Amino acid sequence: DRRPARDELDRCAPWTEATLRLLDPPLVIPVGGLAIERLLGRARLADVIGEAVERDGRVYVPLPHPSGASAWLNDPAHRALVSGAIAEIAARLGRVRLAP
């Protein structure tokens, strides 16, 4: 239960990028600061949770990591951001054709 080292992240990056290219999903939901940073760049969670980011023909809607070790979700304002993100995802899924 630790943040991966930079070299570990760099070794995994080609796999993530290849997966995104192969699947070509219209909607990506990065969960947690590490995934958000890797896909969207460094940002404060409060600045990106609940926001839809359109980039490279995809929509990204970040969510915080649900780890019990994080106190981020204890703040009611942060829980409201998550509710907004879930609503955004639901709205986007209504517009996205899912594979059978």
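Trainee: What makes the pairing of the side chains of Glu88 and Arg92 a polar contact?

Mentor: In this predicted model, the two side chains are 2.6 Å apart at that contact. A polar contact is a pair of N or O atoms within 3.5 Å; within protein, one must be able to donate a hydrogen and the other to accept it, and residues adjacent in sequence count only if both atoms are side-chain atoms. The 2.6 Å between Glu88 and Arg92 is within that limit, so the term applies. Glu88 lies in helix α4, and Arg92 lies in helix α4 as well.

Trainee: How do you know whether Arg92 is buried or exposed?

Mentor: Its relative accessible area is 16%. Buried means under 20% relative accessible area, exposed over 50%, and partly exposed in between, with a 1.4 Å probe and protein chains only. Arg92 is therefore called buried.

Trainee: Which residues does Arg92 contact beyond its neighbours within four places in sequence?

Mentor: They are Leu27, Ala52, Glu54 and Val59, where contact means heavy atoms within 4.5 Å. With the same kind of neighbours left aside, Glu88 is in contact with Ala52 and Val61.

Trainee: On what basis does a model of this kind report such features, and how are residues numbered?

Mentor: Residues are numbered from 1 along each chain as its sequence is written, and side-chain values use heavy atoms, with hydrogens and water left out. Because the model is predicted, local features need pLDDT of at least 70 and side-chain atom pairs count only at pLDDT 80 or more, while totals for chains, interfaces and linings use all residues.Trainee: What makes a set of residues a nonpolar core?

Mentor: Such a core is a set of buried Ala, Val, Leu, Ile, Met, Phe, Trp, Tyr and Cys residues joined through side-chain atoms within 4.5 Å. The largest one here has 15 residues, of which Ile49 and Val61 touch the most other members. β1 (27-28), α2 (33-40), β3 (58-60) and α4 (76-95) each supply at least two residues, and the largest share, three residues, comes from α4. In soluble globular proteins, nonpolar side chains tend to be buried together.

Trainee: Which residues does Ile49 touch, not counting residues up to four places away in sequence?

Mentor: Ile49 touches Ile36, Pro62, Leu63, Pro64, Trp72, Leu81, Val82 and Ala85.

Trainee: How many helices and strands does the chain have?

Mentor: There are four helices and three strands, in the order α-β-α-α-β-β-α. Helices (H or I, at least four residues) and strands (E, at least two) are DSSP runs, numbered from the N terminus.
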